[in-house]
Amino acid sequence: MSSRHLLVLTALTSLFLSGLAEGVGQGQGAAGQASRQETLADLLLKDEIQKVETRLAGLPRTAETLAFQGEVEYRKGRFDRADSLYRAALQMNEKTARAHFGLGKLAMARMKSADAVKSFSRAIELDAREPIYRFYIADALSLEKKAKEAERHLQEYLKLNPADADRVPMAKAALDISAAFNGVEMGEIEAPAQPAPIRVQQMPLLPFLFAEVTINGQGPFRFLIDTGATQSVLSQKVATRLGLKKIATNIMFGVGGDGKVDSPIYKADSVKIGDVTVKNIPLGTLDNPLLDLVMDGILGPTLLADFIITMDYPRNQIQLSRKAPEGGTVVPAWFFGGLLMVPVEVNGKHKGNFLIDSGADSTLLAYTMANSLGVNKDTPGAAVDLPIGGIGGLDASVLMVPSVTLKTPFETKQFDRVMAIELKSMSSLIQTELSGVIGYDTLKNYRVTLDYQRAEIRLNK
């Protein structure tokens, strides 16, 4: 099993720079939806969570309604509660496909991909016409290195649901990538038993970690190390310079502008960082003049996730090993398409899941968390003219939330104020609530060890 998402079903980077200029039916695909009432499954796909809750409140307690209540809790990031509801549904009726699907998602979030495949497979046995089950099992199968089976389910997904504006491009891109590397092992690694530490640099006014990367033997290029990215990307300018072959087009989701941009995908024979060479890699691209000023690309650490990755901020280096370091605080994390999230308590009473993000210059809240704290766009003095830049461009919709205390698994930190931005598109993509981001201002004091295969984070000072 590998924790590297090389088929890139979810293309996302949370990179941002602040201060820059009725029925409980299973889904039946897109066909015929206009002629029938939207089911709970339909509403979930549209992220209409409040409507799902309202509908469920008027329905009797059945295995199906319990499973959909579990889906609501999952979307809100209350995973223990979701697990209990899924299991209660199966105790009432073992043939509840939606409950098996939910348990599969929870298994994936703990990097138990073999268990996820079993749960998704059972859901498909019980309801072969539900498209989303096919999409998720393809992701789990890719982690299990069962590419052909993953392709088969993606093809079936496209037949069942050809009109999903976001997921269809992802599925097609994954199939195109697989075809481009047909007969070749994607992500083959060449590295010594213990790679030497990778020196990283920080640029003036940019509190990020940058490393030198070579592509197809050419470079070096300056890449940002971004734990908030589900794939590695390079600038369109560099892709053109290297003469790379375009093999697919995906949609990249992130912060700024419309929250998403088209991302052509190119085939690279090799990507080398330090002593480690990764062969046969799909690389996304960004055509963003703002980002081109400071970097040549973004390295998503999941590319190196067969190693245990330690980002040593105090020493300005990255270490790759096969064994976790001793000591420190071990934090179980939730894994979503290459992103690691940890539970955080806000102001002593609100709980949410925050992304560990080396591509964010500061810790921030999502609008939804700010709203829970009583701050919204109509709050006097909350809206500020402080545009942020990300992969989607600039976004001037920023709120300032005063007097925030964040209790993470590794420290409690008080802030005089914290920015809040719209993270709805990112939450929608990973299908659970992203309540905020833990950025450089918190991470800089730690040696942050990322163990993607165990879905764990270890912190040492």
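A residue is termed buried when its relative accessible area is under 20%, and exposed when that value is over 50%. By this criterion, helix 9 of the present predicted model has the buried residues Arg167, Val168, Met170, Ala171, Ala173, Ala174, Leu175, Ile177 and Ser178. The helix comprises 14 residues, from 167 to 180. Its first and last C-alpha atoms lie 20 Å apart, close to the 20 Å expected at 1.5 Å a residue. An α-helix has 3.6 residues a turn, so positions separated by three or four places point the same way.

In the chain as a whole, 14 helices and 27 strands are assigned. Buried residues make up 59% of the 461 in the chain. The exposed area amounts to about 18,400 Å², of which 47% is supplied by carbon and sulfur atoms.

Six strands form an open sheet in the order 4-14-13-26-27-15, with antiparallel pairing. Strand 4 (198–199) and strand 15 (329–332) occupy the edges; each has a single partner strand, so one side of each is left without a neighbour in the sheet.

Within this sheet, strand 13 pairs with strand 14 and with strand 26. Residues 308–312 constitute strand 13, which is joined to strand 14 (residues 317–321) by 5 bridges in an antiparallel arrangement. Isoleucine 308 is placed opposite serine 321, and threonine 310 opposite glutamine 319. The two strands form a hairpin with 4 residues between them. In the turn, asparagine 316 adopts a positive phi of about 55 degrees. The pairing of strand 13 with strand 26 (residues 447–451) is likewise antiparallel and extends over 4 bridges. Here methionine 311 has valine 448 as its bridge partner.

Strand 13 is mostly covered, with 5 of its 5 residues buried. In a regular strand the side chains alternate between the two faces of the sheet. Ile308, Thr310 and Asp312 point one way from strand 13, whereas Ile309 and Met311 point the other way. Residues on both sides of the strand are buried.

A further position considered is lysine 272, which belongs to strand 10 (residues 260–273). Its relative accessibility is 38%, and lysine 272 therefore counts as partly exposed. Apart from neighbours within four places in sequence, lysine 272 contacts Glu212, Val213, Thr214 and Thr277. The C-alpha atom of lysine 272 is separated by 9.3 Å from that of glutamate 190, a residue 82 places away along the chain.

Technical notes: Residues numbered from 1 in each chain as written. Predicted model: local features only at pLDDT ≥ 70, side-chain atom pairs only at ≥ 80, totals over all residues. Heavy atoms only, no water. Expected span 1.5 Å × (residues − 1). Buried < 20%, exposed > 50% of the residue type's maximum accessible area, 1.4 Å probe, protein only. Pairing = 2+ DSSP bridges. Contact = heavy atoms within 4.5 Å. Areas by Shrake-Rupley, 256 points an atom, 1.4 Å probe, with all protein chains shown as cover.
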